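Good morning, colleagues. I should like to take you through one model today, from its overall fold to its ligand surroundings and one selected residue.

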Amino acid sequence: MTAGETGRGLLELTRPVNVVAASVLTFIGAFVAGGVTEEPVAVAAAVGATALAVGAGNAINDYFDREIDRINRPERAIPRGAVSPRGALAFSIVLFAGAVVLALTLPPLAIAIATVNLLALIAYTEFFKGLPGLGNALVAYLVGSTFLFGAAAVEEIGPAVVLFVLAAVATLTREIIKDVEDIEGDREEGLNTLPIAIGERRALVVAAVLLVVAVLASPVPFLRGYFGVPYLLVVAPADAVMLFAAYESFDDPTASQSRLKYGMFLAALAFIVGRGALEVPGL
Ligand SMILES: CC(C)=CCC/C(C)=C/CC/C(C)=C/CC/C(C)=C/COC[C@H](O)COP(=O)(O)O
Ligand SMILES: CC(C)=CCC/C(C)=C/CC/C(C)=C/CC/C(C)=C/COP(=O)(O)OP(=O)(O)O
Ligand SMILES: [Mg+2]
């Protein structure tokens with residue numbers, strides 16, 4: 001294995017797309033709270049802590065999942081031999097340490113959120129992933145919490161709570177669909193995920209109902225005055241993509257979970273556009 005292949009493997013372990021996306025969510029939390037210009041250093045520290053924590057969480061997840069991934073995802077860095085399990089664990093520990101250092105520079109509520117999240121990231125795979133729905137709910141909380149974390153960094157949590165709920169419910173939907181996709185490997189490993197516990201179709205119905213609830217609630221940030229009218233113009237197509245993905249999940253969970261992720265990214269853009277529109281007179 002060359003140094004370049006190992007380096008690429010380590011980068012891959014972090015799931016850089018998720019690292020960037022989660023970091024953007026933390027920024028949005030601070031942006032919606034109106035604190036980016038007043039507290040740029042705190043916002044940068046919160047975004048950095050999120051990036052390092054998500055990278056660490058993904059790396060330690062692949063370390064703990066290395067046997068499942070030999071079945072479900074043999075192309076991943078550890079099963080294909082690009083990174084050793086011990087190397088992945090050491091890399092994760094370094095990233096976790098960096099997240100702690102940055103989080104400790106933040107206000108008490110942000111430190112509290114980071115403490116819960118870092119412990120949850122370490123505990124997720126070993127203790128929660130195999131519990132029907134609980135593992136999914138923990139990942140959903142983690143994703144939604146990024147908005148709270150960014151808002152807590154600038155000490156104005158209010159508007160982020162609605163975004164927390166929307167992101168958590170949409171992520172819960174996607175996590176359930178991902179478990180349907182991974183059901184064979186999870187079953188081999190003795191994990192009692194929701195699709196294994198209640199059946200694939202029932203799990204997909206639960207996922208679809210959750211998403212419909214989130215979509216119906218998606219106008220709330222506009223109704224509460226957190227976002228301007230342009231928010232509705234961007235969240236509407238995002239809602240349509242996510243609803244189609246939920247419908248698609250019954251036939252093709254792989255395509256569905258991927259499309260759902262893009263719909264959620266578009267919804268995150270709607271949050272940025274919606275809050276930015278309030279700064280533009282007349283919008
Ligand atoms: C209805 C409505 C308006 C919903 C809002 C949806 C929203 C803004 C969701 C945020 C989701 C998002 C952009 C998450 C960031 C990416 C991330 C950290 C995902 C969580 O990763 C866990 C996942 O299981 C990893 O698997 P994979 O993504 O396949 O690598
Ligand atoms: C704000 C702070 C301090 C932290 C943010 C924490 C966040 C946003 C975490 C995002 C969610 C995350 C990275 C969870 C880690 C565990 C993980 C990758 C769960 C999904 O993995 P599996 O259920 O094993 O499925 P796959 O590995 O096939 O994706
Ligand atoms: Mg995994």
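I shall begin with the chain as a whole and then turn to particular regions.

Please keep in mind that this is a predicted model. The chain contains 14 helices and 0 strands, so its radius of gyration may be considered next: at 19 Å, this value is close to the 19 Å that the globule rule gives for 283 residues, so the chain is as compact as a globular protein of that length. Along the principal axes, the C-alpha trace spans about 55 × 45 × 30 Å.

How many of the 283 residues count as buried? The figure is 48%. As for contacts between residues at least 6 apart in sequence, 74% of them join residues at least 24 apart.

Let me turn to the interior. The largest nonpolar core has 87 residues, and Ala 46 and Ala 153 touch the most other members. Helix α3 provides the largest share of this core, with 13 residues. Which residues does Ala 46 contact, once neighbours within four places in sequence are left aside? They are Thr 26, Ala 30, Leu 106, Ala 110, Phe 149, Gly 150 and Ala 153.

Next come the two ligands, beginning with ligand 2. Of the 24 residues around ligand 2, those that come nearest are Ala 53, Gly 57, Asn 117, Leu 142 and Phe 149. Phe 149 thus appears here as well as among the contacts of Ala 46. Four helices each supply at least two residues of this shell: α2, covering 16-32, α3, covering 40-64, α6, covering 108-128, and α7, covering 134-153. The largest share, 7 residues, comes from α3, the helix that also gives the largest share of the core. By class, the shell around ligand 2 has 11 nonpolar, 9 polar and 4 charged residues.

Ligand 1 is likewise surrounded by 24 residues, and the closest are Asn 18, Ala 21, Ala 167, Met 264 and Ala 267. The elements giving two or more residues to this shell are α2, α7, α8 (158-181), α11 (200-217), α13 (230-248) and α14 (253-277). Which element makes the largest contribution to the shell around ligand 1? That is α8, with 6 residues. The shell around ligand 1 divides into 16 nonpolar, 3 polar and 5 charged residues.

I now come to the annotation. An unreviewed UniProt entry lists residues 17-36, 42-64, 109-127, 134-154, 203-223, 229-247 and 259-278 under "transmembrane region". Two of these spans may be set beside the model. In residues 134-154, the end C-alpha atoms lie 30 Å apart, and the span is 95% helix and 0% strand. For residues 203-223, the corresponding separation is 31 Å, with 90% helix and 0% strand.

Finally, I should like to consider Val 162, which is found in helix α8. Is Val 162 buried or exposed? Val 162 has 20 C-beta neighbours inside 10 Å, and therefore counts as buried. Not counting residues up to four places away in sequence, Val 162 touches Val 220, Pro 221, Arg 224 and Tyr 226. Val 162 and Val 220 are 58 residues apart in sequence, yet their C-alpha atoms are 7.6 Å apart in space. Val 220 also falls within the listed span 203-223.

How values were computed
Residues numbered from 1 in each chain as written. Chains lettered and ligands numbered in written order. Predicted model: local features only at pLDDT ≥ 70, side-chain atom pairs only at ≥ 80, totals over all residues. Rg over C-alpha atoms; globule rule 2.2 N^0.38 Å. Buried ≥ 20, exposed ≤ 12 C-beta atoms within 10 Å, placed from the backbone. Contact = placed C-beta atoms within 7 Å. Near = placed C-beta within 6 Å. Nonpolar A, V, L, I, M, F, W, Y, C, P; charged D, E, K, R; others polar. Core = buried A, V, L, I, M, F, W, Y, C linked by C-beta atoms within 7 Å. UniProt positions renumbered as here; feature names shortened; annotations may be inferred.
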